[in-house]
Amino acid sequence: MKKIVIIGGGVAGLSAGIFAQKNGFNSIILEKHHTVGGECTGWDRQGYHIDGCIHWLLGTKEGTPIKKLWETVGALNGVGIYDPESFMAVEHDGVIVHFYRDIGRMRSNWLEISSEDKDSIEEFCRDIKKLNSFTVPVAKPMDMMSIIEKIKFIISMKNAGAIMQKYDKVSVQDLSKKFKHPALREAISSFMPEGDYSASSVIFPLGTFTGGQSSIPIGGSKALAMRMMNRYRSLGGIIETSCEAVDLDITGDTVRSIKCKNGKSFEADYIIVACDAHVLYEQLLKGQYPDPEFQKRYNNPEVYPLASNIYVGIGYEGTMDNIPRTLKFPVKPIDINQNQKPIEHLQMTHYAYEPDFAPKGHTAITFAINQFQPELDRWQALVEDRDAYNTEKTRIGESVIQAMETRFPHMKGKLRLLDVATPQTYKRYCNAYQGAFMGFWPTIPGKPLTHTGHVKGLNNIVLSGQWLQPPGGLPTALITGKDSIMRLCKKTNQPFIR
Ligand SMILES: Cc1cc2nc3c(=O)[nH]c(=O)nc-3n(C[C@H](O)[C@H](O)[C@H](O)COP(=O)(O)OP(=O)(O)OC[C@H]3O[C@@H](n4cnc5c(N)ncnc54)[C@H](O)[C@@H]3O)c2cc1C
């Protein structure tokens, strides 16, 4: 039986492992951390559970190919799905703009706010609706399709493709300027900071959300990863945790074995690299097998920006009745790690629908404060001084509590800071390049990366994970994990078993 060593036990690595076992390979996952899941995780603090990932999961709609794929890897079987009524609500000067799941309701809400924006509202809602029936292709990567399959795929993408092309060429800020009312402008522009960020990152999530394709699995991110881990183990897969790959033993065009920080070494016929792409190219391959597509992006962060988060967990001794699940509200400016512009809004998500995430009568709450360049570099510099770094984390956490108490005076004295993660947290625990939580972010001048995962010059190694294709995130990790085994099956001349 051919042996596959998988480096990284995030969703991509687990997916690869499950399909490796299903296809008769003998596989082992090496994971740096003491548990699997990677960025799809959650952690417990002071009696609360902080869900560290899923705000919406693409693939929760019955009958869609991606839902079936999630079920094959054991992620969603028999799991309740929470369908939030709104993607997000944004407050501006006392007006609340809702991105409702029901597009008719969203349209009415927006028209009530600004009837003079009727034409732009109608167009926006119409375009969102056109994406409702878009189904993520999961069967095969493009480069493995036959001509006929490619033609069928292109035809199936006709509607969605036209909308995505339209929004690819518009920046988020320009899209917001199509609306006259400041609250509607604010709602759109709050998706991304100023810059060339393409409006596809607004329309795509709204299209799939309002089409009922993305919701939230009950139990959250960590539980989803644990179900995948159980599926992998039930198929005979082996997991080595606290086992960071640090070196590859290469002869000619073949990787023979993987050396780990803990002194262990693993021989392999094939290697799937399901960790961060930068770790592969710079640490494991020591810059000797550079990939032009990745190089171009790493060297040009303005066109290919990365995003990470400051993630604040808060426990509230109370219930969040009538407060939207995800709410963006204005706050007195908060300085973040000496950034040029203090932040003026906070995005809060509460987990009232998950009673097990908090003691009885309490609610778990998280805040996601997006960080881009040059903020990511500043976190990298700050972490060198551990005391200053910890002080800054606490200061940010306390500022968030203060802002909450101002916005929700009835919560005063009932909020508890549980934890503050920064871009460096994702780097420390997951080896995530710059702490990035998706791949390269779509911009107008940037070209989306679609990568086969092959490393030029090496014949038995395949890369998978969130970096390889748009839109990134968990679906890409799932699909590319599966694809990497399809590629190995092709190499070994065996049919792929789904
Ligand atoms: C706050 C937050 C919110 C998010 N929200 C969503 C959401 O709502 N929807 C969505 O779809 N996505 C979301 N994401 C993104 C999603 O979590 C990631 O895209 C996805 O989990 C990436 O999976 P991956 O397997 O490709 O990579 P990772 O999760 O990064 O997994 C890589 C694994 O490799 C391990 N590793 C790294 N280096 C080594 C090494 N040398 N040796 C051994 N192991 C190694 C790491 O420890 C890690 O476990 C969110 C992410 C964050 C952080």
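A polar contact is a pair of N or O atoms within 3.5 Å; within protein, one atom must be able to donate a hydrogen and the other to accept it, and residues adjacent in sequence count only if both atoms are side-chain atoms. The model shown in these views is predicted.

**View 1. Surroundings of the ligand, with polar contacts from A12, E31 and K32.**
An N or O atom in the side chain of E31 lies 2.6 Å from an oxygen atom of the ligand, which is within the 3.5 Å limit for a polar contact. A12 approaches through its backbone instead: one of its backbone N or O atoms is 3.0 Å from a ligand oxygen atom. For K32, a backbone N or O atom is again involved, here at 3.1 Å from a nitrogen atom of the ligand. The ligand has 36 residues around it, of which E31, E39, H55, N431 and Q466 come nearest.

**View 2. Strand β14 and the two strands paired with it.**
Strand β14 covers residues 270-273. Y270 and I272 lie on one side of the strand, I271 and V273 on the other, and all four are buried, so that both faces are covered. In a regular strand the side chains alternate between the two faces of the sheet. Strand β1 (residues 3-7) runs parallel to β14 and is joined to it by four bridges. Within this pairing, I6 is placed opposite I272. Strand β20 (residues 461-463) also pairs with β14 in the parallel sense, over three bridges. Here I271 has I461 of β20 opposite.

**View 3. N460, in the loop that leads from α15 to β20.**
N460 sits in the loop between helix α15 (423-430) and strand β20. Its relative accessible area is 2%, so N460 is buried, the cut-off being under 20%. A polar atom of the N460 side chain is 3.0 Å from the backbone oxygen of D269. Apart from neighbours within four places in sequence, the residues in contact with N460 are D253, T254, V255, A268, D269, Y270 and I271. Two of these, Y270 and I271, belong to strand β14 of View 2.

**View 4. The buried face of helix α6.**
In helix α6 (residues 158-168), A160, I163 and Y167 are the buried residues. Viewed down the helix axis they fall within an arc of 70 degrees, so they line one face of α6. An α-helix has 3.6 residues a turn, so residues three or four places apart point the same way. The cover over the buried residues of α6 includes α4 (118-130), α7 (172-177) and α9 (200-210).

**View 5. E317 and its contacts from other parts of the sequence.**
E317 lies in the loop that connects β15 (308-316) with β16 (326-334). With a relative accessible area of 46%, E317 is partly exposed. Leaving out residues up to four places away in sequence, E317 touches Y48, G361, H362 and K414. The C-alpha atoms of E317 and A364 are 9.0 Å apart, while 47 residues separate the two in sequence.

**View 6. Salt bridges R487–D143 and E149–K140.**
Side chains of opposite charge can pair when their charged atoms come close. The count for the model comes to 21 salt bridges. In the one between R487 and D143, the closest N and O atoms are 2.7 Å apart. This pair links distant parts of the chain, 344 residues apart: R487 is in helix α16 (residues 473-491), and D143 is in the loop between α4 and α5 (147-156). R487 counts as buried at 9% relative accessibility, whereas D143, at 40%, counts as partly exposed. A salt bridge also joins the side chains of E149 and K140, with an N to O distance of 3.0 Å. E149 is partly exposed at 29% relative accessibility, and K140 is partly exposed at 28%.

**View 7. Salt bridge D247–K286, and a network of salt bridges.**
The closest N and O atoms of the salt bridge between D247 and K286 are 2.8 Å apart. D247 is part of strand β11 (residues 245-251) and K286 of the loop between α11 (277-284) and α12 (292-298), so the salt bridge ties together parts 39 residues apart in sequence. Both ends are partly exposed: D247 has a relative accessible area of 25%, and K286 has a relative accessibility of 45%. Elsewhere, E123, D127, K130 and K166 are joined into one network by salt bridges that share partners.

How values were computed
Residues numbered from 1 in each chain as written. Predicted model: local features only at pLDDT ≥ 70, side-chain atom pairs only at ≥ 80, totals over all residues. Heavy atoms only, no water. Buried < 20%, exposed > 50% of the residue type's maximum accessible area, 1.4 Å probe, protein only. Pairing = 2+ DSSP bridges. Arc of directions from axis to C-beta. Contact = heavy atoms within 4.5 Å. Salt bridge = Lys/Arg side-chain N within 4 Å of Asp/Glu carboxyl O. Near = heavy atom within 4 Å.
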